[in-house]
Amino acid sequence: MSENQIKNLEAEFEAKISRDEKIEPKDWMPEKYRQTHIRQISQHAHSEIVGMLPEGNWITRAPSLRRKVALLAKVQDEAGHGLYLYSACETLGISRDELYEQLHTGKAKYSSIFNYPTLTWADMGAIGWLVDGAAIINQVPLCNTSYGPYARAMVRVCKEESFHQRQGFEIMMKLAQGTPEQKEMAQDALNRWWWPSLMMLGPTDDASVHTEQSMKWKLKRKTNDELRQQFIDQTVPQADLIGLTIPDFDLKWNEERGHYDFGPINWDEFWQVVKGHGPCNKERLAARKGAWERGEWVRDAAMAYAEKQADRKEKQVV
Amino acid sequence: MSENQIKNLEAEFEAKISRDEKIEPKDWMPEKYRQTHIRQISQHAHSEIVGMLPEGNWITRAPSLRRKVALLAKVQDEAGHGLYLYSACETLGISRDELYEQLHTGKAKYSSIFNYPTLTWADMGAIGWLVDGAAIINQVPLCNTSYGPYARAMVRVCKEESFHQRQGFEIMMKLAQGTPEQKEMAQDALNRWWWPSLMMLGPTDDASVHTEQSMKWKLKRKTNDELRQQFIDQTVPQADLIGLTIPDFDLKWNEERGHYDFGPINWDEFWQVVKGHGPCNKERLAARKGAWERGEWVRDAAMAYAEKQADRKEKQVV
Amino acid sequence: MMNKNLYNYILGVADNSLILGQRLGELCGHGPSLETDIALTNISLDLLGQVRGYYQYAAKILGGNASEDTIAFIRKERDYKNVLLVEQPNTDFAYVIARQFLFDVYHVLFLDQLQHSRDLTLSAIAKKSLKEALYHKRFSSDWIKRLGDGTDESHSRIQNAMNDLWVFTNELFQLTEADKEMLNEGIGVDVTQLKADYYNQLNDVLNEATIEIPEVKFFQKGGKEGVHTEHMGYILAEMQYMQRAYPNMEW
Amino acid sequence: MMNKNLYNYILGVADNSLILGQRLGELCGHGPSLETDIALTNISLDLLGQVRGYYQYAAKILGGNASEDTIAFIRKERDYKNVLLVEQPNTDFAYVIARQFLFDVYHVLFLDQLQHSRDLTLSAIAKKSLKEALYHKRFSSDWIKRLGDGTDESHSRIQNAMNDLWVFTNELFQLTEADKEMLNEGIGVDVTQLKADYYNQLNDVLNEATIEIPEVKFFQKGGKEGVHTEHMGYILAEMQYMQRAYPNMEW
């Protein structure tokens, strides 16, 4: 293709995006767009899959049948999200196996929040309420992102996520209204998950890369700091409602700004976890790799069987 | 050696045994004596080692620190008994590795009682009281058996076994005097372990082999049925004492015989378990083999290190 | 006075689903592929959903403060009536599939009868569950074939699993006291009548999967009388932990 | 009023031994040889013996119905103060030995100081325990050398284990509130003062064993504040099962 042709394609592509039309897999797209989307969608898919582990840790110990069923269903939804998202990613010309490979070798990232341990039942509440809550704030704008398969996957994901968030909040509420032991458990979970949840919304704007480009492609509509403020403003009244205390002495309503002010975030911890040194980075990756490796013979068997069946059918036809 | 010489050696050997002198490893002995002793001593050693498993199953769940420590110590004693007995067996010209090999391939047997599962804490009591109780009845006469290393090992073993038995009885007593739930737990354990314990004393005399020869070599002093009667006569009053009921409707004191009469034993079950089809035969053998296989690299490392150290010393000397 | 036999009968049915559901729950997030992970979780969800129906009914029979959760979580090991099969560990995917298949074939036959129970609650639960169980059976049968007629490794693994688990099948067809009573009342199912069909169906699938039918002389039993394998204690320690450590609370 | 700091201080010391003893207890009957099986059980026995001494003292301080068993078995996870190191799983014999060694070197240094405590009970327990800990340290150091300088496989396994567990060492030298208070009162040990010696000793043994010192930028912590790893919940579910399922009984 000539340089001019490419320029034309690029212009057309950008015009399409600015007209709010979707880019579809068969459409021409700049290589950087493709790569950025592979990175972001796969990171998102990996987060769903790794995110199954901290909650999966409490399935066998859920305190009631109702909660056990709901938790199982939730973790299953996450697997489902992983499926849609890997499929969306595959439309960009990369296979699921390659994506797994990137996860397992550490080349691809996943959300750092899942490198914290789930220590009590209340963590199931805190994750739903805070982690899914922060995720929704990140994700809702993506329902209108420019890449069609990603946008459509996000519509499904967001619908389920907000159900999960309500479910998490309800777990917390029940604990907060329960016995002193239960309330303490809830408060403790909030204490442990609050700051990591704030960090989920990404580094502060001055430390963040890719933002301008992402805005243009509608992978991002607000800055990290704006999203974080939105999350805090939304969550503080919910904590008040159920009588739990946000673990931030500097937190207070700023009449002038119309927002909550909040204390400084420990970014050292954030980068430590991102770089692989969080409490559970090793375990999470080992669990995923272990499942994948232990599953190899199963996948091989399914493949071999499918080939045999195809051969048999062929022979019957002949 | 001429036939005459052998005859002389045999006569001397038998005279020695009848004078109650010990046969020692360096002494001449008939091949059949050697083989019989290898079989019996190793079977006994294997029983100690496999016997660690059902009780080991409750170490992590013992209900008090005192009981946890006592149970650990008991299982450790069993490992110790295994050690003495393997050593005694090795004096007959067979290595521990060969003996393990026989266990792992199913060539050598171990006491069938250990193929029953330990389902509740009370099983720790029942095993100590009944299983160790039956074992002692089997073993005390062996303190005077003709083969020196075996007899000496048995002196140590028996001393510890009777301690274990008292400890088991004390666990049962505590439960029987405890809450209704605890008493029920104790009774249930007695119900499940009673008949297998009776079977531990071996098949009835008419179905038993090797007896005459074993009597001569002092591997046996009483028949299985006599030992079983002794066990029952000793155990029934103990059950009465702590208010537990032996699960045998036919059990009653026979004034004339001066013994308890008892009901028929389910020998089908006995042979089923002996032949490898008990509730835990597979698990027990798999646990032993697994430990051995997983331990191979460790034993190799120890060997390699010892060789390197010896080499280094040698070089220093040169 | 409550109907003790009906209560015990319900537990005998529901405990199988509870413990199998729990075992499958252990796997969630650790499957060999996302698709199998989702499918096994689905089965677990179905089973636990059935359990809730059964235990809610049992709690009503028991009265007092009984609830689906007290029944699920605060019994002693000896009071769980599930068959030994369902408590066997998730040794590998072959064991998971073999265990599932050996249960599903039974489960479909059983529910197919239970839907005709004179007890309307049981009949309703059975009708709803039957649809689910049919799906489970299709899933596990398909995998039996894939593994049996897949690679050499998968064949040998599924054959091993089948050999090890086959000893637990016969227990499915043993009648308990509660079974006999409920059979007399037209409420329960005569499981002894399902046995021939069961083994025929196993035969068909295993033949197609090129898996040899294990030769077993002695079968294991005990679960229906609460005499479980040593695995059960560990399942319960985990499953009951919250209810035991935080008694009498709402969640 | 009871001395809350002393109570917490004792738990901080004793919980390490409890959880490590429990982990070793899991191995009993499953060791790579009878001799190692016996030796590891011995260490477990020593540790649990020490625990009983500490908890009996703690129970006296706590008063009321407290006993060594209520302290051992009916606390919530967040109330156990052991370091993360001791709760790490028995992945293989290399992990068992590495964990033991990393603890034993610390334990000896710690007890060597604690024996001079102004608190006579703690001093007495420390004196007795020190002899035991010295033996443990000899055992684990010897095995570190055997595995490090044994075969290629053993070398790579122990190196892996060391790399994985090293991140848990720094926590041993963090001062808790109770530590600071007890230090002021001449009862507790200033663990920060043990650190240099500790790493020097590790260096010496690892060098001899041809094991590379892991390079670690970030260490893990949390155990001393009751923020454990996900392993802890499973340890407790098993360990507490009987006390939870059968509350307030004597055994």
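**Exercise 1. The contact of chain B and chain D**

The area buried between chain B and chain D comes to about 4100 Å², with carbon and sulfur atoms giving 68% of it; here buried area is the accessible area (1.4 Å probe) that two parts lose on being put together, summed over both. Before we go on, a word on the model: it is predicted, so to speak of local features we need pLDDT of at least 70, side-chain atom pairs count only at pLDDT 80 or more, and totals for chains, interfaces and linings use all residues. Residues are numbered from 1 along each chain as its sequence is written, chains are lettered from A and ligands numbered from 1 in the order in which they are written, and side-chain values use heavy atoms, with hydrogens and water left out.

Task: Which helix of chain B gives the largest share of the side that touches chain D?

Solution.
- Step 1. Begin with the residues in contact, meaning heavy atoms within 4.5 Å: chain B brings 49 residues and chain D brings 46 residues.
- Step 2. Look for salt bridges, each a side-chain nitrogen of Lys or Arg within 4 Å of a carboxyl oxygen of Asp or Glu. Between chain B and chain D there are 4 salt bridges. One of them joins the side chains of R96(B) and E35(D), at 2.3 Å from N to O.
- Step 3. Turn to polar contacts (a pair of N or O atoms within 3.5 Å; within protein, one must be able to donate a hydrogen and the other to accept it, and residues adjacent in sequence count only if both atoms are side-chain atoms). Chain B and chain D have 16 residue pairs in polar contact, both at pLDDT 80 or more.
- Step 4. Now place the side of chain B that touches chain D on its helices, which are DSSP runs (H or I, at least four residues) numbered from the N terminus. Among those supplying at least two residues each are helix 2 (31–56), helix 3 (65–90) and helix 12 (296–317) of chain B. Helix 3 of chain B has the largest share, 14 residues.

**Exercise 2. The contact of chain A and chain C**

Task: How many salt bridges are there between chain A and chain C?

Solution.
- Step 1. The contact takes 48 residues from chain A and 46 residues from chain C, and the two chains bury about 4100 Å² between them, 68% of it on carbon and sulfur atoms.
- Step 2. The count between chain A and chain C is 4 salt bridges. Among them, R312(A) pairs with D149(C), with the closest N and O atoms 2.9 Å apart.
- Step 3. The interface of chain A and chain C also has 16 residue pairs in polar contact, both at pLDDT 80 or more. On the side of chain A that touches chain C, helix 3 of chain A gives the most, with 14 residues.

**Exercise 3. Aromatic rings**

Task: What kind of aromatic pair do F13(A) and Y33(A) form?

Solution.
- Step 1. Recall the rule: rings of Phe, Tyr and Trp (its six-membered ring) pair if their centres lie within 6.5 Å, and planes under 30 degrees apart count as stacked, over 60 as edge-to-face and the rest as tilted. Over all chains, the whole structure holds 42 aromatic pairs.
- Step 2. F13(A) and Y33(A) are 4.9 Å apart centre to centre with 85° between the planes, an edge-to-face pair. This pair links distant parts of the chain, 20 residues apart: F13(A) is in helix 1 (residues 3–18) and Y33(A) in helix 2 (residues 31–56) of chain A.
- Step 3. Check the surroundings: F13(A) and Y33(A) are both buried, where buried means under 20% relative accessible area, exposed over 50% and partly exposed in between (1.4 Å probe, protein chains only).
- Step 4. Compare a pair in chain C: the ring centres of Y198(C) and Y199(C) are 5.1 Å apart and the planes stand at 85°, so this pair is edge-to-face. Y198(C) is buried at a relative accessible area of 0%, and Y199(C) is buried at 15%. Both belong to one aromatic cluster with F103(C), Y106(C), F110(C), W166(C) and F173(C).

**Exercise 4. The setting of H81(B)**

Task: Is H81(B) buried or exposed?

Solution.
- Step 1. Find H81(B) in helix 3 of chain B.
- Step 2. With 0% relative accessibility, H81(B) counts as buried.
- Step 3. Leaving aside residues up to four places away in sequence, H81(B) touches E48(B), V157(B), E160(B), E161(B) and H164(B). With E160(B), the side chain of H81(B) makes a polar contact of 2.5 Å.
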